[in-house]
Amino acid sequence: MEFVDGRFELREIQKLEGHSDRVWSLAWNPATGVDGVPSVFASCSGDKTVRIWEQSRSTGSWDCKAVLEETHTRTVRSCAWSPSGKLLATVSFDATTAIWENVGGDFECVSTLEGHENEVKSVSWNASGSLLATCGRDKTVWIWEVQPGHEYECVAVLQGHTQDVKMVQWHPTLDVLFSCSYDNNIKIWADEGDDDDWVCVQTLDEFNNGHSSTVWALSFNSSGDKMVTCSDDLTLKIWGTDLTRMQSSDGYAPWRHLSTIAGYHDRTIFSVHWSREGIIASGAADDAIRFFVESEDKDGLFTSKVDGPTYKLLLKEEKAHDMDVNSVQWSPGEKRLLASASDDGTIKIWELAPVPC
Amino acid sequence: MVSGLINANPVIYEKKERRVRGAPSDADEYAVEPIDEQEIFDILLNDTEKICIFKYPEHPYSLEELKVITEDAIEVNDHRSYVRVTFTPTVEHCSMATIIGLCLRVKLIRSLPSRYKVDIRVAPGSHATEAAVNKQLNDKERVAAALENPSLLDMVDECLAPTYG
């Protein structure tokens with residue numbers, strides 16, 4: 001891989017201020033930043049608001065285009081764009097999920113989903129945008145079917161985790177749902193029949209070389225045959241599956257532990273995101289952002305398929321923020337742009353660039 | 001809420017005499033004085049000024065008198081901006097352990113520079129559900145959610161409220 005020998009540096013492109021409390025999460029609009037469409041992302045905060053940031057065509061810098069407020073009454077914990085980029089889902093400690101529609105640059109709350117008993121912590125759209133998943137403090141994962149007229153019908157309430165569920169994430173191509181929890185486990189959910197018969201098909205726990213403390217986040221590689229998870233146990237773990245089997249057997253093939261990235265982080269890892277070209281970014285409570293790439297032994301002498309792939313640290317940005325880094329997200333555009341959100345109330349845009357020779 | 005006191009007859013210890021902090025010499029008048037263990041202790045249990053006497057929620061005694069917190073149980077590394085406070089509940093099934101820990105965290109968050117990383121834990125072997133209490137106290141999402149809960153926040157503020165006389 002090209003990254004192994006090249007030297008990279010992380011350039012701070014912009015620091016965005018506006019939120020008046022910690023920024024918990026951010027999400028790039030997947031339909032922007034390509035084909036000349038200015039890139040857009042949303043951020044959400046302990047200040048109960050969501051902010052929409054858009055890149056200026058003339059200056060290239062990001063400006064706050066909208067503040068979505070007076071809908072959520074408590075912390076907005078997480079947000080996610082539908083695949084078309086037309087809808088934004090936001091979840092809050094106020095126990096609700098809000099769906100916002102972008103109407104000519106104005107954001108209108110078109111639906112509010114109620115059902116969770118208390119804090120909702122994460123939201124994810126499936127690849128086609130027909131299903132939405134949410135999870136929260138009540139230990140459950142909910143699956144909602146998107147219906148005409150901004151109606152959302154709950155088709156499943158999944159119970160299985162024994163503690164609050166920190167994050168839900170759909171597989172990038174298949175309708176298989178992944179959740180991770182304060183109970184240290186990752187659970188995989190699939191529809192076993194035609195009748196919205198969602199069941200837990202696999203649990204990745206400590207006995208499967210899994211995490212020994214809270215699992216905060218997960219992310220897939222571009223092909224969807226590998227997943228990375230991050231944890232309070234200070235490790236990242238790489239998991240793999242047989243994608244061909246997963247596609248043919250109607251959705252599910254077992255996932256297994258491939259590799260553990262340990263010894264690099266000093267405090268809880270809150271966020272992990274795998275770029276299209278294979279760079280894993282992590283954001284942690286030690287204020288740092290780190291980048292990892294798969295490392296292949298060129299001589300082949302020490303490469304053993306049995307041991308799984310190994311990963312090396314490409315770069316560590318100490319003091320990326322003044323406080324905890326809560327979220328790191330690669331942009332969908334051409335450049336290697338990363339956005340990070342922090343307890344210090346700011347968002348930073350970074351470019352990972354090769355060091356000029 | 002509990003009907004009776006969890007520990008009706010706690011052992012009360014004498015308050016320790018405070019060291020007098022040395023006045024900065026003229027030579028380093030503008031030097032930044034690093035935060036040390038005593039300063040953290042004073043933040044948590046200031047009974048020499050009128051700012052705050054941190055009361056054990058169910059007793060009129062301070063956490064110092066109950067030896068829930070001692071200066072020895074505070075570790076500070078100002079260079080690394082790190083504090084760890086280890087507290088000892090009076091009984092090992094103390095149901096107030098989480099709220100005490102939450103109060104300690106809130107007090108430190110409000111008093112220390114934001115660069116500080118704070119870990120709060122119960123003393124090893126001092127609590128029946130030690131691991132669960134520690135995990136909860138150090139999960140910042142749960143702490144954030146708890147502090148948005150008006151009744152819980154009232155309770156914390158009451159514990160941290162200044163008392164006079």
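**Entry 1, the α2–α3 contact in chain B.** I began with the helix pair in chain B, and I noted that A97(B), T98(B), G101(B), L102(B) and R105(B) of α2(B) meet V133(B), Q136(B) and L137(B) of α3(B). Sorted by class, this contact comprises four nonpolar, three polar and one charged residues. I keep in mind throughout that the model is predicted.

I then looked up the geometry of the pair: helix α2 of chain B covers residues 97–111 and helix α3 of chain B covers residues 130–137, and their axes come within 10 Å and cross at roughly 30°. The crossing in which α2(B) passes α3(B) is right-handed.

**Entry 2, chain B as a whole.** I counted five helices and three strands in chain B, and reading along the sequence I wrote down the pattern α-β-β-α-β-α-α-α. Of its 165 residues, 29% count as buried. When I took the contacts in chain B between residues at least 6 apart in sequence, I found that 64% of them join residues at least 24 apart.

**Entry 3, chain A as a whole.** For chain A I recorded one helix and 28 strands. The C-alpha trace of chain A spans about 60 × 50 × 35 Å along its principal axes. I compared its radius of gyration of 19 Å with the value near 21 Å that a compact globule of 357 residues would have, and the two agree. Buried residues make up 51% of the 357 residues in chain A. Among contacts in chain A with a separation of 6 or more, residues 24 or more positions apart account for 51%.

**Entry 4, the nonpolar cores.** Which residues touch the most other members of the largest nonpolar core? I found that they are A42(A), C79(A), A89(A), A133(A) and I280(A), in a core of 100 residues. Strand β2 of chain A, residues 23–28, gives the most to this core, namely five residues. Apart from this core I located another, of 27 residues, which includes I43(B), I74(B), V85(B) and I120(B). In soluble globular proteins, nonpolar side chains tend to be buried together.

I followed C79(A) further and, leaving out residues up to four places away in sequence, listed its contacts as S25(A), A27(A), A42(A), C44(A), V50(A), L88(A), A89(A) and T90(A).

**Entry 5, where the chains meet.** Finally I looked up the interface, where seven residues of chain B are in contact with 11 residues of chain A. On the side of chain B that touches chain A, I noted two nonpolar, one polar and four charged residues.

Technical notes: Residues numbered from 1 in each chain as written. Chains lettered and ligands numbered in written order. Predicted model: local features only at pLDDT ≥ 70, side-chain atom pairs only at ≥ 80, totals over all residues. Core = buried A, V, L, I, M, F, W, Y, C linked by C-beta atoms within 7 Å. Buried ≥ 20, exposed ≤ 12 C-beta atoms within 10 Å, placed from the backbone. Helix = DSSP H or I, 4+ residues; strand = E, 2+ residues; numbered from the N terminus. Contact = placed C-beta atoms within 7 Å. Axes fitted to C-alpha atoms, helices over the stretch in contact; angles between N-to-C directions. Left-handed = near helix turned anticlockwise from the far one by under 90°. Nonpolar A, V, L, I, M, F, W, Y, C, P; charged D, E, K, R; others polar. Rg over C-alpha atoms; globule rule 2.2 N^0.38 Å.
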